[in-house]
Amino acid sequence: MKIIEMKKISILIIAICFGGMLNAQQLPQITQYMINNYAVNPAVSAMHDYYQVKMTVRNQWIGITDAPRTTMLSVYGKKSKNVGLGGLVFNDKAGPTSRIGGSASYTYSFAITKAVKMSFALSGGFTQFKLTKSGMNYEDKSDPLMKGGDVVRTTPDATFGFNIFADKWYFGAAIPQLLTMNLSLIDDDFSRIYDAYSEGSLARHFYVLGAYKHDFNPFWSIEPSLLLKTVGAAPLQADFGIKTTYDDKFWLGMGYRNNGEMSALLGYSIHERYSIGYSYDILSSDMSAYSGGSHEFMIGIRFLAANESEITRK
């Protein structure tokens, strides 16, 4: 009986550590999703006739020990008239758990009308989860499940997405973790007990992403955006954003998340090739007493044709 209780304690520790991944949103979130939109839906790679690189670094819940830290790097663009290619690597760490992964995508686009196009994308890659046991605090030092080295599991992953777009707007959806692979975090001897607490698999997520850009005049434009995320029985998460841009160089914006969080963002584009962005999340009242908010930084490079800037201005 004592051994069973020890197993249950160990399993609960793992369930708590991976709780945010196993029963709710398992994938990292970003506030500047309207800028690094490939990280949400790989089908957007067919929207522009050039390649671009976006890197996002997010420090979440400043002031809380071992709070989530996320880094994403995406490269995407059009290879030919109808084909887009892309790739994404990321590192996400929270407490004793970490997750790294990488993927490559293929996108095919075609015209629906003269002004509207549609694209479909499929990406494939891998995800590696790691539970670092050193530094963890647990009641029974002789617990057999906590002996040995760190727990590391690697599994294949895939994402499907589609996108409908025109010159000033786009709307699409994506299904990350399409394969719903099992993590097998623990030994088979403990699987029956563990299944009582969690399925232990990568759950399919469903994303809906859209934005519309309206030009007031040659200098000012406004771009509202929407991101919906859901997984399993978890509540729907909705992000509403609005970004105002001056002279295609300087932008300001704000966002609202339906859990009560708000965000402010700003950025600057240099010579239409380089861009830098920053956002700050203001947490809901439940979290504000423990954290100073979340910081997110973005760096982007667009590989435009050498004379594209001059052609655009003529």
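Q: What share of the contacts in the protein with a separation of 6 or more comes from residues 24 or more positions apart?
A: That share is 55%, where a contact means heavy atoms within 4.5 Å. This is a predicted model, in which local features need pLDDT of at least 70 and side-chain atom pairs count only at pLDDT 80 or more, while totals for chains, interfaces and linings use all residues. Residues are numbered from 1 along each chain as its sequence is written, and side-chain values use heavy atoms, with hydrogens and water left out.

Q: Why is Asn-36 called buried?
A: Buried means under 20% relative accessible area (exposed is over 50%, partly exposed is in between, with a 1.4 Å probe and protein chains only). Asn-36 has 0%, so it counts as buried. Across the protein, 46% of the 314 residues are buried.

Q: Where does Asn-36 lie, and which residues is it in contact with, leaving aside neighbours within four places in sequence?
A: You will find Asn-36 in the loop between α2 (19-22) and β1. Its contacts beyond those neighbours are Ile-30, Lys-54, Thr-56 and Ser-74. Gly-300 is 264 residues away from Asn-36 in sequence, yet their C-alpha atoms are 8.7 Å apart in space.

Q: What makes β1 and β15 a pair of strands?
A: First, a strand is a DSSP run of E with at least two residues, a helix is a run of H or I with at least four, and both are numbered from the N terminus. By that rule the protein has five helices and 15 strands. Two strands pair if DSSP finds at least two bridges between them. Nine bridges join β1 (residues 51-59) to β15 (residues 294-303), so these antiparallel strands pair. Within this pairing, Arg-58 stands opposite Glu-296.

Q: How do you know that β1 also pairs with β2?
A: The same test works here: eight bridges join β1 to β2 (residues 69-78), so the requirement of at least two is met. These strands run antiparallel too, and Val-53 stands opposite Val-75 in β2.

Q: What makes a space in this structure a cavity, and how many of 30 Å³ or more are there?
A: On a 1 Å grid over the protein atoms alone, a cavity is a set of points where a 1.4 Å probe fits but cannot get out, and its lining residues have an atom within 4 Å of a point. Two cavities reach 30 Å³ or more. The largest holds about 440 Å³. Among its 30 lining residues, Leu-27, Ala-39, Leu-88, Thr-159 and Pro-176 are the closest to its centre. β5 gives the most to this lining, with five residues.
The second largest cavity has about 80 Å³. Of its 13 lining residues, Asp-239, Phe-240, Gly-255, Tyr-256 and Ser-263 are the closest to the centre.

Q: Why is the largest group of 25 residues called a nonpolar core?
A: A nonpolar core is a set of buried Ala, Val, Leu, Ile, Met, Phe, Trp, Tyr and Cys residues joined through side-chain atoms within 4.5 Å. The residues with the most contacts inside this core include Tyr-33, Val-40 and Met-72, whose types are on that list, so they fit the name. The largest share of the core, three residues, comes from β8. Not counting residues up to four places away in sequence, Val-40 touches Tyr-33, Ala-174, Tyr-207, Leu-209 and Leu-227.

Note on methods. On a 1 Å grid over the protein atoms alone, a cavity is a set of points where a 1.4 Å probe fits but cannot get out, and a pocket is an open set with protein on both sides within 12 Å along at least five of seven lines; lining residues have an atom within 4 Å of a point. Grid points are joined across faces, edges and corners, and a volume is the space filled by probe spheres set on the points.
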